[in-house]
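Subject: Structure for you to look at

Hello,

Here is the structure I promised to pass on. Please open it next to this email and follow along.

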Amino acid sequence: MLQLFRRLLGIPPARPLVDESQWRRVEARLPFLDHLVPDDRLRLREMALAFLGCKEFHGAQGLELDDDMLLAIALQACLPVLHIGLQAYEGWVGVIVYPGDFLIPRRIVDEAGVLHEYEDEVLGEAWAGGPVLLSWFPGNDAPAGVNVVIHEFAHKLDMENGDVDGLPRLRPGMSRRDWAKAFGEAYEAFCAEVDRGVDTTIDPYAAEHPGEFFAVVSEVFFEDPLVLHRRFPAVYDQLVHFYGMDPAARAAAAAGG
C-alpha cells in the first residue's frame, strides 16, 4: 500500500502510478468491466486514481491493505459515478475495510417504547456524511451474487439528496415521475415474488426497502445487466439514463446476441 500512496502524494514516480500489468491483473478479477467501452475503461482508471488520492483508507481488525486491493475497491467505487463525477462523493473521506463480514451495534426503540440492543452482522454499510464500511474476502471466498462495493456506493449516491429511499439525485433531463413509476412497480412485483418464495434471480435482500432495491439492482446493472434488462426493463432503462451507459448492449454483443 505504501508505494501507491507515496506516488499519489506527489513523490515523483520512476514509472507510471500503476503499470499496465497491474491494471490488467486487478481488472481480470472484475470481469464486468468488460461491459465498458474502451474510452470509459481508461476514464475509469483515471478516476480510480483520483479517488484514491482524495479518500483515506483504513484496514480494520488488523487487515493489511495492498495496492491491488485499493485499486479493486477504487475501480468498483468509481464505476457508478463514471459519468456523474467524483463530486457525488464529496463531504466524507473514510473507507474502512474489514476482513470479511463484521458486526455493528444497533439500538432501536419499538412501538411500545422498549429499547432493544443487538449486534447486526453485515457485509458493508454507508453512513450519511461519514465513512463507507466494506468487507473484503480473499480469492473466491466472497458471497456469490453480491457486490458490496457497488452496493454501498449506490447508497452514497442515494444519500446525495437526503434519506436512503431509492430516489437519488437524478441527472438533468430525467423525470422523477418516470423513475418512481418504474421503480415503484418493479419493487412491488419483486416483493410479491419474495413473499411467494419464487426464485427471483436477483438477491431477495432487495425486498427489504426501496433503498436496498436501488442498491441491489445497481449491482446487477453493472455485473449482470442482461438479467436486469430481462427482469425489469423499465428499471434498466432508468439506470441507463442515470449511470450514462448501456452495459446490456455490450454484454449482448459479446455473447453474439
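Which residues touch the most other members of the largest nonpolar core? They are Leu228, Leu239 and Tyr243, in a core of 75 residues. Helix α4 gives this core its largest share, nine residues. Please keep in mind that this is a predicted model.

Leu239 is a good place to start. Leaving out residues up to four places away in sequence, Leu239 touches Trp179, Phe183, Phe214, Val217, Ser218, Phe221, Leu228 and Gly244. One of those contacts, Leu228, is itself among the three residues that touch the most other core members.

Overall picture

The protein chain has 257 residues, and buried residues make up 48% of them. Its secondary structure comes to 10 helices and six strands. Take the contacts with a separation of 6 or more: residues 24 or more positions apart account for 62% of them.

The sheet

Four strands form an open sheet. The order is β1-β2-β6-β5, and the pairing is mixed. At the edges are β1 (56-59) and β5 (124-126), each pairing on one side only. Neighbouring strands are turned against each other by 20 degrees on average, direction ignored.

Strands β2 (residues 94-99) and β6 (residues 132-136) run parallel and are joined by five bridges. Within this part of the sheet, look for Tyr98, which stands opposite Ser135 in β6. Helix α4 packs on the sheet and touches β1, β2 and β6. The direction of α4 makes about 125 degrees with that of β6. Helix α5 (residues 148-158) also packs on the sheet, touching β5 and β6. For α5, the angle with the direction of β6 is about 170 degrees.

On its other side, β6 pairs with β5 in the antiparallel sense, over three bridges. Gly124 has Leu134 in β6 as its bridge partner. β5 and β6 form a hairpin with five residues between the strands. In that hairpin, Gly129 takes a positive phi near 70 degrees.

Is β6 enclosed or open? Four of its five residues are buried, so β6 is largely enclosed by the rest of the structure.

Helix α5 and what follows

How many residues of α5 are buried? The count is 11 of 11, so the helix is mostly covered, buried meaning under 20% relative accessible area. The buried set includes charged-type names you might not look for there, among them Glu152, Lys156 and Asp158. His151 and His155 are buried too. The cover over α5 includes α3 (38-54), α4, β5, β6, α7 (210-223) and α9 (233-243).

Met159 lies in the loop between α5 and α6 (176-196). Why does Met159 count as buried? Its relative accessibility is 16%, and the cut-off for buried is under 20%. Not counting residues up to four places away in sequence, Met159 touches Ala126, Trp127, Ala128 and Val164. Met159 and Trp127 are 32 residues apart along the chain, and their C-alpha atoms are separated by 8.9 Å.

Helices α2 and α4

How do α2 and α4 meet? Helix α2 (residues 20-28) packs with helix α4 (residues 67-78) at an angle of about 65 degrees. Their axes are 10 Å apart, and the crossing is right-handed. From α2 come Gln22, Trp23, Arg25, Val26 and Glu27. From α4 come Asp67, Asp68, Leu71, Ala72 and Leu75. By type, the residues of this contact divide into five nonpolar, one polar and four charged.

One residue in α3

Ala50 lies in helix α3. Is Ala50 buried or exposed? Neither label fits: Ala50 is partly exposed, with a relative accessible area of 39%. Leu86 is 36 residues from Ala50 in sequence, while their C-alpha atoms are 8.5 Å apart in space.

To look at on screen

- Leu228, Leu239 and Tyr243, for the largest nonpolar core.
- Tyr98 and Ser135, for the match between β2 and β6.
- Gly129, for the positive phi in the hairpin of β5 and β6.
- Met159 with Trp127, for a contact made by the loop after α5.

Best wishes

Note on methods:
Residues numbered from 1 in each chain as written. Predicted model: local features only at pLDDT ≥ 70, side-chain atom pairs only at ≥ 80, totals over all residues. Heavy atoms only, no water. Axes fitted to C-alpha atoms, helices over the stretch in contact; angles between N-to-C directions. Helix = DSSP H or I, 4+ residues; strand = E, 2+ residues; numbered from the N terminus. Left-handed = near helix turned anticlockwise from the far one by under 90°. Contact = heavy atoms within 4.5 Å. Pairing = 2+ DSSP bridges. Buried < 20%, exposed > 50% of the residue type's maximum accessible area, 1.4 Å probe, protein only. Core = buried A, V, L, I, M, F, W, Y, C linked by side-chain atoms within 4.5 Å.
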